[in-house]
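Got the viewer open? Let's take a walk through this structure, one selection at a time.

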Amino acid sequence: MDLSTRYLGLELKNPLVPSASPLSKNMDSLKRLAEAGAGAIVMHSLFEEQINATSMELDHFLSHGTESFGEALSYFPDMDEFEVGPDSYLEHIAEAKNSISIPVIGSLNGISNGGWINYAKLIEEAGADALELNIYYIPTDPDQTSAEVEANYLEVIKSVCETVNIPVAVKFGASFSSIPNMAKRMTQQGAKGLVMFNRFYQPDFDIRAMEVVPHLILSNSSELRLPLRWTAILYKKIAADIAITTGIHNGTDVVKGILAGANITMVASELLLNGIDRIPEILSELQRWMEDYEYVSVNQMRGSMSHIHTAEPAAFERANYMKVLQSLKQDPTGKLWW
Amino acid sequence: MKRVIRTMDGNEAAAHVAFKTNEVIAIYPITPASPMGEWTDAWAVKKKKNLWGDVPKIIEMQSEGGAAGTVHGSLQSGSLTTTFTASQGLLLMLPNMYKIAGELTPTVFHIAARSLATQALSIFGDHSDVMAVRSAGWGMLFANNVQEVMDFSLISQAATLSSRIPFLHIFDGFRTSHEIAKIEVLSDSVIKKMINPEMVKAHRDRGMNPNKPFIRGTAQNPDVFFQARETTNSFYNDAPLKVDSLMQEFEKLTGRSYHLFDYAGAPDAERVIIIMGSGADTVSQTVEYLSKQGEKVGVLKVRLFRPFSVKYMIESLPETVRSIAVLDRTKEPGALGEPLYQDVITALIEDQTSETPKFDRIPIITGGRYGLSSKEFTPAMVKSVFEELETDTPKNHFTIGINDDVTNTSLDFDPEFDIETKDTTRAVFWGLGSDGTVGANKNSIKIIGEETELNAQGYFVYDSKKSGARTISHLRFGKGEVKRPYLIRNANFVGVHQFGFLQRYDTLEMAADRATVLLNSPFPADQVWKKLPKKVQQQIHEKNLKLFVIDGYEVAKKAGLGIRINTVMQTCFFAISGVLPKRQAIDKIKEYIEKTYGKRGKTIVSMNFHAVDMSLENLYEVNIPDEAKSRITTGTKFSKESPEFVQKVIAEIINGQGDNLPVSALPCDGTYPTGTTKWEKRDIAMDIPVWNPDICIQCGKCVVACPHSVIRAKVVEPAALETAPNEFKHTKARFKEFKEQEYTLQVSVDDCTGCSICVEVCPVKDKSNVSRKALNMEPKLPVQKNERENWDFFIDLPSAKVKDHPEIEFNKIKETQLLDPYFEFSGACAGCGETPYLSLLTRLFGDRMIVANATGCSSIYGGNLPTTPWCTDKEGKGPAWNNSLFEDNAEFGLGMRLAVDKKRETAHNLLKQMRGKEIPESLAEDLIHADQSTEQGIQEQQKRVDELLKRLSGKATAPSRRLEEFADALVRKSVWIIGGDGWAYDIGFGGLDHVLASGENVNVLVMDTEVYSNTGGQASKATGLGAIAKFAAGGKPTPKKDLGSIMMNYGYVYVAQVAMGANENQVIKAFKEAESYEGPSIIIAYSHCIAHGIDMSKGMDQQKLATDSGYWPIYRYDPRIRKENKNPLQLDSKPPKLPLADYIYNEQRYKLLTQTNPGKSRQYLEEAQNWVTAHWKGLEELAEEPEAPSTETE
């Protein structure tokens, strides 16, 4: 049985790829991911803010209070080298490349078209096989139009793709009016892959401290539905590989993703919740399903239930919505049933 | 070999050679020598090698005494060893120095010579320290400028090895140690050629070795000691010749010529000044100038002061000399004259009485003092001395540079006399410490000094305040001589980087005719003229000045640089000064931005590049109108209510006129009035806290946390507010004790530093907009006028006093906020973590406190002129404050306690003697046995003492007169010993330990910043494991010393560890318990600090994190509780609930290590976390233990 797949021009032994998460920060867990059978690894993200903020912070604190008072002209020893921004990240990629044999995909997260984009090149030079560009933008200005936001995305993608020679995949959110058109334009700027979707982690309110607090909730399988639909719709309609990155928790999810048309399926929450050993288990589940349904390869599976191949294209469209609503019933107690 | 030319200061020059030529270096921080230790530590961490390919071992010691002992031991064991120090630090080395010299041990101590603390401490330069140790038998070689520092570091090292006499290599503190100059760096090959390997081997062979044992350090008796002491004579006799020949050898290698005594001037000079140190360069340059005008004058620069060679000195003087002035940069009260003067006289007399005297008749010799504590020494003063020598009876024992109107020692001089040449660019920059002016100027010196043929020099005058600090940079560039060790008087470029300075200081006084002025102005070129003070307009007209403006803050802000206008102003300087072609200058600025900021990341580099480009676009020349009609005046105004001394003396110092104050204006014994900060009104904040009474819960957190005591709260009768200004805010008091009264919270906007710590600690959020609090930072200007009026009204409202409210315990901040502090408006860093403790402490005990304050931050913001923060109440009572030294503070405070107790004992004896006679039995009994454990009890005792004094008044008997003198001692005094961790953990630990062990009733407050904050953040034993600090550039490898546990071991010492940000009320509890305990107490207070690399406005949050992570558990150990059969240790914080990383990685001192050595930082984090866990467990076990038998001595 052939589990291999191609993603961004890379040969992967199977379609299960740990997505950017804290698991890739540590070399030990990174090696364990590879040993567990991952097809490739997306490294944790290097953030634009991180790059800039580290520099700004270092500059501020090395300058703050200096050259003011004759007895204390500085407060820290003179040091030649600081690992600011990407230094340790780049070393980590280089070390990963030396330590594991599966493809290593760097991850860069940002939104402005600034100096941080240069770090894409450095990630390439550090040995990454490909780059995942994660664009995460929350518009808050009512005067900023959708067109402006989209143009900003495309500009960043173009800049990054022009900066590197390795293939670039774009990870983006599902909040576009026309995802197919946006996906198409992203590929036109040079994206070789689309990673669907970025989860916009929603902040929570601490009503004791009266503060807005970051709150991370791990995904579950039900969240697969959204990327599944768009994967199915985009399959073969755009000139890019597709990775599904939300809601992959078991072999069934992987199967669904590939049937929809994904080149790879990415997993993170499941591994964080239940451990790296879930990789071989999920792969076994995939294999078992393929045996049961007599598929010989992942390539054979890919896209067989996509929008263009499914017997019921309407299921992905508005008709599905109507169908769902009509299937809803209420019992005498008021409880809802499908 | 290619000559390496670099710009550096004297400290770096000395450290360069010291590092290359030594194997062990023992260091300890002291201004202005600390940077030498810092350089060597940083180089060692970077694995830089010495001459023999090894990285020298750098060890920080607990004191200069400790450093000297370590040096002595290392030398005795055969290693090449050195140290660096100054001032009292050198005196602490003196006992070892005698030993080292007595044993003929080669070493060099590099000294940035500094004033000794006498009537006051001074960090500045003179020779009083090195002159105080001249009897120890060390060679003393004086370098006069930065190049000579590098050269003499090597010559002294070679000389000590060659002669076996230990050497002090001396240069002037600040003037030379901190002056940046363009010099040639000595290469390894030159250094190697000067260091004779045979001599090094000989030194090693004399080292202790069990394979060839000997005994050194014997005790000797009257029979042989004297003779043995004379055995070293020949070494001293031979040394001058050896040094001279080494100087000749050095000249062959470098081309730079030095002699034991260097004469310069007319070969037939009749008048000669003999001098050593940086002042010698000033004399030399003036001599050159005067000689060209035909004056027969000369200078003899003394290089080798010890061993003093009569022969070389006499040979160096021209035969034509008729009169000599010997200038000493020190003072020996009561001596016949200062040391160099006395030696010169002796030398001349010895020569004159020899068989072959040089002179027909002995020249007239006078001695004079100059330049104490870095007092300016200028060519004008030199000229005056020469003129005095021309008179028939020149004044002897004179002073120059001051106006001594008491004993009339001073010589007059013409301050306008100037010898500087036209080929030099002289630029003066007025800036704030926070705006980066000095850093930019240091960069400019590097650009010009290292990238062009021009010579360059920079010297920087700093403020005595740590917040809102002013800096003045003096830069010289040119093809000719720029090595001038005095400040610029006629600048052809003046940069005023703060618009407000125009009103406050006479910034253009030093502008030369037709000079260029660059002004950082919020007003555009076409509007700025009418915003200038009249005096400035007049100066621009009279001197034909060219004026350029740029809105530096706006450009910096747009470039993302915030308030750092350094790059903006530097670019403008190069664009208009003409010191370099503009294009070349801009390219170089960018190159140096890359060099300076590159290691901080590309973001910073690109922001600075952007700032350079924008600066050029926003720089405009101002068309100068013909009329000067401004009504804006200059100078700092002082309230007419301020005392005469403040108006006549303090005001002059603040206005920069301190140099003009005559001797008669100053107290003769260092005694100054307290509470003078309130008159200064520094007006340095841009934004200030504004109170919203409607949502305030009156908790008092802001009042107690304010580091500068500018936020005050009062509760008053509504009637008291009838005459309040319209804008005065108040609200109904929410205190159960003050029903129907009004609460008011007021900010002194002119004293606020804008640190915003008050806003951060405010727990209230506006219900309809949670981003707003009960205090919010808002721009000052719109509210300043009203708030000034409000403050003036507020301060006259009645204040709460503990003694007036027996119903209130004042053990919570809610109540304590209502007490006035006796410590206000200090010049500490904005957001300081120490001063809130002092403010709180004085609220509780201020009117009866006696304070011994260790040298350090708290003695500087507490006692540095011009104004001091320890203050009085309306009755004139307040803390009596004193600073002795760094190392002796516990002992100093103990002495105060003993004196207070002794006086009380004397009063008791007199009462006993007089009771039933002059004094009623009952009054005497009550006075002797008064319960003064509460404020009310103390108040009752005060009333009794008042009655006693009334009864004694007019009585003529001796016991009555005596009791009158001692009566005040019957009222309980609160003796506090205050200092930082450098004192308590390190240099003063021995004394602290002894004082606490003594059982005497002293209270110790350690404000623990975990570094030597005042000298720039060197590691102490209080520094946490893994923190980067100076002297621990690789991260501190050992955990923090647990001072609290050490002191708890005594069993009878009250010990508390507190953190205001974690629990303010626990701090109050600890203060009150410690004070009421009739025995020794120590409180260790977490004090966040600028040296931690934190957002200072969040200092209190950081304190909380320290406690919540278990790093800084808060507790109280009260021996009294043992009497209740309970465990005396009470833990006031809960078990750690956060990982240590959550606390430490908010601080740059820890974070830096993750960026410089990630592997090490991970290891240290793990070790530190284990330490925290184990430490907490240990405390918990101790607190849970069943009570052990009492060890209290009764």
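Begin with helix α27 of chain B, residues 835-845: 11 of its 11 residues are buried, so the helix is largely enclosed by the rest of the structure. Show the side chains and you can tick off the buried residues from one end to the other: Thr835(B), Pro836(B), Tyr837(B), Leu838(B), Ser839(B), Leu840(B), Leu841(B), Thr842(B), Arg843(B), Leu844(B) and Phe845(B). Keep in mind as you go that this is a predicted model.

Next, stay in chain B and select residues 566-577 and 582-597, which are helices α19 and α20. How do their axes cross? They come within 9 Å of each other, at roughly 155 degrees. Angles over 145 degrees count as roughly antiparallel, and α19(B) and α20(B) are therefore roughly antiparallel to each other. Their crossing is right-handed. To see what touches what, pick Thr567(B), Gln570(B), Thr571(B), Phe574(B) and Ala575(B) on the α19(B) side. Facing them from α20(B), the contact has Lys582(B), Ala585(B), Ile586(B), Ile589(B) and Ile593(B). Colour this contact by residue type and you get 6 nonpolar, 3 polar and 1 charged.

Now for a sheet, again in chain B. Its 7 strands run in the order β3-β2-β4-β5-β7-β6-β12, and the sheet is open with mixed pairing. Which strands stand at the edges? Those are β3 (57-60) and β12 (304-306) of chain B; each has a single partner strand, so one side of each is left without a neighbour in the sheet. Look along the sheet and you'll find neighbouring strands turned by 20 degrees against each other on average, ignoring direction.

Zoom in on the β12(B) edge. There, strand β6(B), residues 139-142, pairs with β12(B) in the antiparallel sense over 2 bridges. Select Met140(B) and you'll see Arg306(B) of β12(B) opposite.

Then move to the other edge and select residues 64-76 of chain B, helix α3. This helix lies across β2 (24-27), β3 and β4 (81-85) of chain B, and runs at about 165 degrees to β4(B).

Last stop: bring both chains into view. How many residues does each chain put into the contact between A and B? Chain A gives 36 and chain B gives 43. On the chain A side, select helix α2, residues 48-63, which gives the most to that side, with 10 residues. Colour the chain A side by type to finish: 15 nonpolar, 14 polar and 7 charged residues.

Technical notes
Residues are numbered from 1 along each chain as its sequence is written. Chains are lettered from A and ligands numbered from 1 in the order in which they are written. This is a predicted model: local features need pLDDT of at least 70, side-chain atom pairs count only at pLDDT 80 or more; totals for chains, interfaces and linings use all residues. Two residues are in contact if their C-beta atoms, placed from the backbone, lie within 7 Å. Helices (H or I, at least four residues) and strands (E, at least two) are DSSP runs, numbered from the N terminus. Ala, Val, Leu, Ile, Met, Phe, Trp, Tyr, Cys and Pro count as nonpolar, Asp, Glu, Lys and Arg as charged, and the others, Gly among them, as polar. Axes are lines fitted to C-alpha atoms, for helices over the stretch in contact, and angles run from 0 to 180 degrees between N-to-C directions. Angles under 35 degrees count as roughly parallel, over 145 as roughly antiparallel, 65 to 115 as roughly perpendicular and the rest as oblique. A crossing is left-handed if the near helix is turned anticlockwise from the far one by less than a right angle, and right-handed if clockwise. A residue is buried if 20 or more other C-beta atoms lie within 10 Å of its own, exposed if 12 or fewer, and partly exposed in between; C-beta atoms are placed from the backbone. Two strands pair if DSSP finds at least two bridges between them.
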